[in-house]
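Biologist: Could you walk me through this protein before I look at it on my own?
Modeller: Gladly, and here it is.

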Amino acid sequence: MANFLTSSIGKKFIQSVSGAFLIIFLLLHGTINFFSVIDSLHGNFGKVALDSHPYTHGDGWFQLGCDFMSSPVIDIMVPILALGVLIHICYGIWLSVQNFQRRGGVKRYEVASKAQNDSWSAKNMFVLGIVILGFLCFHLTHFWAKMQLQEFMGGEAENPYYLLMTTFSQWWILALYIVWFVALWLHLNHGFWSMFQTIGWNNKKWLPRLRVIGIIVSTLIVLLFVCTAVNAFVEAHCVTASNEWTAPLLAKINF
């Protein structure tokens, strides 16, 4: 077992499995965030019931999604997924440092495949990962620290709609987030099919299919986040001034 984990295949396997945690983590959070777009389509963006009870009928979809993220099942699931993401990041950095020392260049794995030689994203997975990590830290400080962490510490979570508008009301933050999403798309697009290739699905029949599925999954994840960010910018500047739920929130934002 020890020999397997220290081998080239073993290292790829660990990175691939932990990458699956990243994909699930992003799909979960991207779906919940997209609920805010659904609220806008129904005119319910910013709608939060007066009481503090979860799953209140008067809440918008996004608020209900945030309540779901605070449920006991998710409280157990999210830390496990987050641990997998952390392993993926730390292990990827460690592998890249090892390869840098051994080969004098930044490559993701010890053994380069033909796909890695042909793909720009495959050659720059480490660089893309660093970009993603930087914005992930920014994202966590602006959302997770003010919501889930506050509730974990016994406090009250910030209004999720307010956090969306304050974060994305600045055009330059929105632009930087879109750059992050592009890097995320490139990283996921290669990582998805590479993950299945590592576990043996690399024959001529399945590899082309996995490439297409990878494009679909990575595009779906990125679109969920991009739509959420753009919608929040539009709501902050163009729509919600006359909205009875968000007008008080807008009054607190310094544009």
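Modeller: What follows is a short chat about the fold, one helix, the cavities and the cysteines.

Biologist: Where do these coordinates come from, and how are residues counted?
Modeller: This is a predicted model, in which local features need pLDDT of at least 70 and side-chain atom pairs count only at pLDDT 80 or more, while totals for chains, interfaces and linings use all residues. Residues are numbered from 1 along each chain as its sequence is written, and side-chain values use heavy atoms, with hydrogens and water left out.

Biologist: How many helices and strands does the protein have?
Modeller: The secondary structure comes to 12 helices and zero strands, where helices (H or I, at least four residues) and strands (E, at least two) are DSSP runs numbered from the N terminus.

Biologist: And what percentage of its residues count as buried?
Modeller: Of the 255 residues, 44% count as buried, and buried means under 20% relative accessible area, with exposed over 50% and partly exposed in between (1.4 Å probe, protein chains only).

Biologist: Any cavities, and if so, how many does a search of the whole structure find?
Modeller: The search finds three cavities of 30 Å³ or more. On a 1 Å grid over the protein atoms alone, a cavity is a set of points where a 1.4 Å probe fits but cannot get out, and lining residues have an atom within 4 Å of a point. Grid points are joined across faces, edges and corners, and a volume is the space filled by probe spheres set on the points; by that reckoning the largest cavity holds about 300 Å³.

Biologist: Which residues lie nearest its centre?
Modeller: Those are H88, I89, G129, I130 and H187, out of 21 residues that line the largest cavity. The largest share of this lining, seven residues, comes from α7.

Biologist: Which residues of α7 are buried?
Modeller: They are M125, L128, I132, F135, L136 and H139. Seen down the axis of α7, these buried residues fall within an arc of 120° (taken from the directions from the helix axis to the C-beta atoms), so they line one face of the helix.

Biologist: New topic: how many disulfides are there?
Modeller: A search of the whole structure finds zero disulfides, a disulfide being a pair of cysteine sulfur atoms within 2.5 Å.

Biologist: Is C66 buried or exposed?
Modeller: C66 is buried, with a relative accessible area of 11%, whereas C227 counts as partly exposed at 32%.

How values were computed
1 Å grid on protein atoms, 1.4 Å probe; cavity = no way out; pocket = protein on both sides within 12 Å on 5 of 7 lines; lining within 4 Å.
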